Amino acid sequence: MPASSSKAAIIAAARTAIGTARKGTLANTPAIELAKPIVAAVVERSGLEPADFDDLVLAESLQGGGDSARYIAVDLGFQNIPGLAVNRQCASSLAAVAVGAGQIAAGMSQAILAGGMESLSTMPQMTKRKAFTTGKAPEDWERWSPMSNPWTDDAPPFDMSITVAHNCAVEYGISREDQDAWALRSHQRAVKAIDAGSFVDEIVPIQVTKEDGSTALFAQDEHPRRETSMEVLSGLKVLHPEIEGFTVTAGNSSGTNDAAAVVALASPTTQQDVLANILSWTQVGVAPKRTGSGPIYAIPKALELAGLKISDVALFEINEAFAAQAVACTRQLGLDEELVNVYGSGISIGHPIAATGARMITSAIYELRRRGGGIGVLSMCAGGGMGAAMVIEVS
């Protein structure tokens, strides 16, 4: 393996436990309130003072815009830290970390906080004024969501079960059994990791207010299904029975979830303890109908930028937006399935969209440390026909 050059060091990393959206423990906790304790904890873990950080870069893909990062900095009393909002759909917090790493690699910053947050439970419902109306009457307004790509039959921007999963299954010959088997293993691996305490060090417990005004400590991922089985998964109805050959179900799809995850980045010359070094990152575009293929192109590109090969990698995580996409990417790249998503992923742990990338980085760091170090690759597809990947190294 060739010597690699670090672009930025990760000196601290943490996340919330992941909640199941709308019916889980975090259902009434806004994204900002998820991120605040994690930002504060990462500052404390970094060994630096708030005054040492040059920026707070947070992804927030479905939170309605604005600049929540700056709100959080001010609310925590970190008046000196500006804020930047980032959105690259599912790859948003991977992009946020890349933005911070780029600032540091360019010599423009010495330390940056970066990550993401998402509350699918409390995401706002947006409206827009209908054309040729004044906007003065209630009927002048209609519900609206921004689209990640122009609408087509084979890439509807609001139905990723078609755009990502079905298209991947058809293109790469991924069967229903393949998908259900991957989903089952994802849950089994996540449950095993939880039972082994593998996530304890990376999770910051947060206080959650209940409906009756009492509080509870939330400290364990609640989305993995301990009792699921191939019998249960194979018995679920497909999401689009009207489409011939459709094999995607709720069981082999990612969850809808709430969480936040943040890392502290610093110059590779930092005097702080280094958890991991960032070696490279990249992003690619593909046809929207091939969105699920994004990691197939992003991973080799990121490895090439780092001067590495697939055989150099100790750990891969390819976010499970859907099992069909994760299976297709793993097989097309010729990866060892024993090195992919070793503690589960989006189907089991959950996919809190703008927090997922930073969650992946955090979990990979702690897992690689348990394994004695090595190269980790984090990758995902992203809405609109995109893929992203990042390569890290734990010594």
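This report walks through some salt bridges and two unusual backbone angles in a predicted model.

**Charged pairs**

Let's begin with the charges. Side chains of opposite charge can pair when their charged atoms come close. In this structure there are 15 salt bridges. Three of them are set out below.

| Acidic residue | Basic residue | N to O distance |
|---|---|---|
| D221 | R15 | 2.9 Å |
| D195 | R226 | 2.9 Å |
| D312 | K309 | 3.8 Å |

Take the pair of D221 and R15, whose side chains meet in a salt bridge. D221 sits in the loop between strand 9 (215–218) and helix 6 (230–234), while R15 belongs to strand 1 (residues 8–15), so this bridge ties together parts that lie 206 residues apart in sequence. Are these two residues buried or exposed? D221 has a relative accessible area of 4% and is buried. R15 is buried as well, with a value of 0%. Because buried means under 20% relative accessible area, D221 at 4% falls in that class, and R15 at 0% does too.

R15 and D221 also belong to a wider arrangement: salt bridges with shared partners join R15, E202 and D221 into one network.

Now look at D195 and R226, another pair joined by a salt bridge. Here too, distant parts of the chain are linked: D195 is in helix 5 (residues 176–195), R226 is in the loop between strand 9 and helix 6, and the two are 31 residues apart. How accessible are they? D195 is exposed, at 52% relative accessible area, whereas R226 is partly exposed, at 46%.

The last row of the table pairs D312 with K309, with the closest N and O atoms 3.8 Å apart. D312 is buried, its relative accessibility being 15%.

**Two backbone angles to look up**

Next, turn from side chains to the backbone. Most residues other than glycine have a negative phi, and most peptide bonds are trans. Which value does phi take at R22? The angle is near 70 degrees, which is positive although R22 is not a glycine. You can find R22 in the loop between strand 2 (19–20) and helix 1 (31–46). This residue is exposed, with 52% relative accessibility.

F132 gives a second example, with a positive phi near 65 degrees in a residue other than glycine. Where is F132 placed? F132 is in the loop between strand 6 (127–129) and strand 7 (141–143). Its relative accessible area is 85%, so F132 counts as exposed.

Technical notes: Residues numbered from 1 in each chain as written. Predicted model: local features only at pLDDT ≥ 70, side-chain atom pairs only at ≥ 80, totals over all residues. Heavy atoms only, no water. Salt bridge = Lys/Arg side-chain N within 4 Å of Asp/Glu carboxyl O. Helix = DSSP H or I, 4+ residues; strand = E, 2+ residues; numbered from the N terminus. Buried < 20%, exposed > 50% of the residue type's maximum accessible area, 1.4 Å probe, protein only.
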